[in-house]
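Here's a quick briefing to read with the model open beside you. We'll start with one strand and work outwards from there.

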Amino acid sequence: MDSSNNKVKKENRIELKFQSDKWKMPIVLKVSRVESFESCIKTLCKQVEFKPAQFSLEFDGESLSFTDTPMDLDFEGGEIVDCRIKA
């Protein structure tokens with residue numbers, strides 16, 4: 001594989017921060033720009049003790065759909081997504 005292919009693959013991954021009042025520090029995930037937020041939630045659930053059905057996501061006060069991707073929302077990396085945990 002040539003280095004230009006590697007560069008393209010790296011550029012398609014971005015860092016997103018997921019924060020909640022249920023944990024102290026934001027959780028940083030490196031995700032593909034075309035990966036759904038549902039996939040992010042599954043990864044988060046491995047790190048915190050909540051189930052995917054308990055999560056809702058918001059960005060800048062707007063609800064996010066689990067089927068949305070960072071590319072759908074023009075995320076460039078570094079965005080902070082709020083995780084709301086339902087009891």
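This is a predicted model, so treat what follows as a reading of that prediction. In strand β5, Gln19 finds its bridge partner in Asp82. That pairing is a handy way into the sheet, the core and the charged pairs.

**Strand β1 and its partners**
- Strand β1 covers residues 13–19, and its side chains alternate: Ile14, Leu16 and Phe18 face one way and are buried, while Arg13, Glu15, Lys17 and Gln19 face the other way and are not.
- That fits the general pattern, since side chains in a regular strand alternate between the two faces of the sheet.
- On one pairing, β1 runs antiparallel to β2 (residues 27–32), with six bridges between them; Phe18 has Ile27 as its bridge partner there.
- On another, β1 runs parallel to β5 (residues 80–85), joined by three bridges.

**Asp82, a buried charge**
- Asp82 sits in strand β5 and is buried, but it has no salt bridge.
- The nearest side chain of opposite charge is Arg84, 4.1 Å away; a salt bridge has to be within 4 Å, so this pair doesn't make the cut.
- What Asp82 does have is a polar contact of 2.6 Å with the side chain of Gln19.
- Setting aside residues up to four places away in sequence, Asp82 touches Gln19, Ser56, Leu57 and Glu58.

**The nonpolar core**
- The largest nonpolar core has 20 residues, and the members touching the most others are Phe18, Phe37, Leu44, Phe55 and Leu57.
- Elements giving two or more residues to this core are β1, β2, α2 (37–47), β3 (55–59) and β5.
- The top contributor is α2, with five residues.
- Leu44 contacts Phe18, Ile27, Leu29, Phe55 and Cys83, leaving aside neighbours within four places in sequence.

**Salt bridges**
- The count comes to two salt bridges.
- Glu15 pairs with Lys30, with the closest N and O atoms 4.0 Å apart; Glu15 is in β1 and Lys30 in β2, so the pair ties together parts 15 residues apart in sequence.
- Glu15 is partly exposed at 38% relative accessible area, whereas Lys30 counts as exposed at 56%.
- Glu58 pairs with Arg84, the closest N and O atoms being 3.4 Å apart; this links distant parts of the chain, with Glu58 in β3 and Arg84 in β5, 26 residues apart.
- Arg84 is partly exposed, with a relative accessible area of 38%.

Methods:
Residues numbered from 1 in each chain as written. Predicted model: local features only at pLDDT ≥ 70, side-chain atom pairs only at ≥ 80, totals over all residues. Heavy atoms only, no water. Buried < 20%, exposed > 50% of the residue type's maximum accessible area, 1.4 Å probe, protein only. Helix = DSSP H or I, 4+ residues; strand = E, 2+ residues; numbered from the N terminus. Pairing = 2+ DSSP bridges. Lys, Arg positive; Asp, Glu negative; His and termini not counted. Polar contact = N/O pair within 3.5 Å; in protein donor to acceptor, adjacent residues only side chain to side chain. Contact = heavy atoms within 4.5 Å. Core = buried A, V, L, I, M, F, W, Y, C linked by side-chain atoms within 4.5 Å.
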